[in-house]
Amino acid sequence: MTIWLNGRLMPAADARIDPADRGFTLGDGLFETIRIKDGAPRHLPRHLDRLGAGAALLRLPLPYDAADLIGAMTALIEAVGLTDGVVRLTLSRGTGARGVLPPADARPTLLMTAAPAAHMTSPVAAIIAGCTRRNEHSPLSRLKSLNYLDSILARQEAAERGADEALLLNGAGRLAESSVANLFLSIGGRLLTPTVADGALPGIRRALILERHGAEETPLTPDDLARADEVILTNSLGLRPLVAVDGRPVGSGTAGPVLTRLLADADL
């Protein structure tokens, strides 16, 4: 397996991350998951814009500009011969002394890995997680940070209850997202998604659906799931129908026409 680490392509077996790297010790960093189709990254400028905005919020220096990152990703895709798959870009603050305060002279670690994509198309049965909630007041709810423990806890709860996925509520009891995806509800002909202010991650595909398909941001509650004709989970790797929540069917309990319309949009 070939990877790209801090400016060089290398075999994964030769790669080394310092044990004092803050990404490992503190989760101090960000990541992006980028779909590769026909050998090219999809919506890469949007991913890099989000990465840059997150790095600015965390005051985490980006060691490479957009042109460098595009060149590195292209080289990695070519090196592994990937035509249909995914690249994960992981950025950490790099090494630092013990303690929470970042070093003034941070030297970030940047890693890219590539792999074939698992096609995420199958229907999903979910639960509403009871073990944790999304903190809509934290700026981290807007970032793809290296700390995914809330999602991990929620997904473990789903598995223990025999479900595929977990939906996360925020502190006010409103819908935020699933453990790995944004939510869209079709209600009475309107396509609705939770607001970023309610803890929804500003997803790349979410933004495209808002721009291209007349979707609307609005506060949503668990009761809205019962009113929905259709619920769709979206992330950069795919769109999937949510067909049941807590053992109760959503809409007809099958994929619906809104998902069919979205899947027909090649630009998504």
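Start with strand 10, which covers residues 182-187: 6 of its 6 residues are buried, so the rest of the structure largely encloses this strand. Keep in mind that this is a predicted model. From strand 10 we'll move to its partner strands, then to a pair of helices, and finish with a single residue, Ala115, in strand 6.

**Strand 10, inside and out**

- Both faces of strand 10 are covered.
- On one side sit Asn182, Phe184 and Ser186, and every one of these is buried.
- Leu183, Leu185 and Ile187 take the other side, and they're buried as well.

**Who strand 10 pairs with**

- One partner is strand 13 (residues 230-235), which runs antiparallel to strand 10 and is joined to it by 5 bridges.
- If you want a spot to look at in that pairing, find Leu185, which stands opposite Val231 of strand 13.
- Strand 11 (residues 190-193) is another partner, again antiparallel, with 3 bridges linking it to strand 10.
- Here you can pick out Ser186, whose bridge partner in strand 11 is Leu191.
- Strands 10 and 11 make a hairpin, with 2 residues between them.
- Gly188 lies in that turn and has a positive phi of about 55 degrees.

**Helix 2 meets helix 3**

- Helix 2 spans residues 44-58 and helix 3 spans residues 66-80; their axes come within 11 Å and cross at roughly 125 degrees.
- That angle is neither under 35 nor over 145 degrees, and it is outside the 65 to 115 range too, so helix 2 and helix 3 count as oblique to each other.
- The crossing of helix 2 past helix 3 is right-handed.
- Helix 2 brings Leu44, Leu48 and Leu51 to the contact, while helix 3 brings Ala66, Leu69, Ile70 and Met73.
- Sorted by class, the contact has 7 nonpolar residues, with no polar and no charged ones.

**A look at Ala115**

- Ala115 belongs to strand 6, which runs over residues 109-116.
- Is Ala115 buried, exposed or partly exposed? With a relative accessible area of 31%, Ala115 is partly exposed, because buried would call for under 20% and exposed for over 50%.
- Setting aside neighbours within four places in sequence, Ala115 is in contact with Leu82, Gly85 and Val86.
- Thr83 is 32 residues away from Ala115 along the chain, and the C-alpha atoms of these two are separated by 9.9 Å.

Key. Residues are numbered from 1 along each chain as its sequence is written. This is a predicted model: local features need pLDDT of at least 70, side-chain atom pairs count only at pLDDT 80 or more; totals for chains, interfaces and linings use all residues. Side-chain values use heavy atoms; hydrogens and water are left out. Buried means under 20% relative accessible area, exposed over 50%, partly exposed in between (1.4 Å probe, protein chains only). Helices (H or I, at least four residues) and strands (E, at least two) are DSSP runs, numbered from the N terminus. Two strands pair if DSSP finds at least two bridges between them. Axes are lines fitted to C-alpha atoms, for helices over the stretch in contact, and angles run from 0 to 180 degrees between N-to-C directions. A crossing is left-handed if the near helix is turned anticlockwise from the far one by less than a right angle, and right-handed if clockwise. Contact means heavy atoms within 4.5 Å. Ala, Val, Leu, Ile, Met, Phe, Trp, Tyr, Cys and Pro count as nonpolar, Asp, Glu, Lys and Arg as charged, and the others, Gly among them, as polar.
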